[in-house]
Amino acid sequence: MLWVKAFHIVFIASWFAGLFYLPRIFVNLAMVPEGSNSERERLLLMARKLFRFMTMIAVPAVLLGLWLWLGYGIGRGQGWMHAKLFVVLLVIGYHHACALLLRKLERGASTRSHVWFRWFNEVPVLLMVAAVLLVVVKPF
């Protein structure tokens, strides 16, 4: 079980690294001056590659978490785990929102400002803090 838990933590940390950085690329994309096509294309390429990597990392992170929960019963039936599973659903939703935003940015259809993306970039920090506090403190 310790191996599963250790790899779960590694994959979660890697996934969150991507969730922290991808919106920073979005900030930069929102700030690209009109006509700077090479800069825009370079940032889009970085965003696409990072999103692909994040998705490949997210899958084992979630599967290992399910293994810990279903296979070993960690937190089953406890309130903190129900709250953490809700946070996990929010993280998956945030990941999906990043995909939708990336598609809009690729099409040039995003009307969001760099300031909006800066605020959007703070969401995974709050989700990670919530998940860690729920797992470590187990408040209920």
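Ala-130 is partly exposed, with a relative accessible area of 28%. In this predicted model, the residue belongs to helix 5, which covers residues 123-137. Its C-alpha atom is separated by 11 Å from that of Leu-90, although the two residues are 40 positions apart along the chain.

A second partly exposed residue is Arg-112, whose relative accessible area is 42%. Arg-112 sits in the loop that links helix 3 (79-107) to helix 4 (114-120). Together with Arg-103, Lys-104 and Arg-107, Arg-112 forms a surface patch of positive charge. Because a patch requires over 30% relative accessible area, Arg-112 meets that condition with its 42%.

The two residues are set side by side below.

| Residue | Element | Relative accessible area |
|---|---|---|
| Ala-130 | helix 5 (residues 123-137) | 28% |
| Arg-112 | loop between helix 3 (79-107) and helix 4 (114-120) | 42% |

With regard to the chain as a whole, the protein contains 5 helices and 0 strands, giving the order α-α-α-α-α from the N terminus. Its C-alpha atoms occupy a box of roughly 55 × 25 × 20 Å along the principal axes. Of the 140 residues, 34% are buried. Among contacts with a separation of 6 or more, 78% join residues that are 24 or more positions apart.

The exposed surface of the chain amounts to about 8400 Å², of which carbon and sulfur atoms supply 70%. As for charge, the chain carries 15 positive and 5 negative charges, and the mean positions of these two sets lie 14 Å apart.

Definitions and conventions:
Residues numbered from 1 in each chain as written. Predicted model: local features only at pLDDT ≥ 70, side-chain atom pairs only at ≥ 80, totals over all residues. Heavy atoms only, no water. Helix = DSSP H or I, 4+ residues; strand = E, 2+ residues; numbered from the N terminus. Buried < 20%, exposed > 50% of the residue type's maximum accessible area, 1.4 Å probe, protein only. Patch = residues over 30% accessible without salt bridge, like charges linked within 9 Å, V, L, I, M, F, W, Y side chains within 5 Å. Areas by Shrake-Rupley, 256 points an atom, 1.4 Å probe, with all protein chains shown as cover. Salt bridge = Lys/Arg side-chain N within 4 Å of Asp/Glu carboxyl O. Lys, Arg positive; Asp, Glu negative; His and termini not counted. Charge placed at Lys NZ, Arg CZ, Asp CG, Glu CD. Contact = heavy atoms within 4.5 Å.
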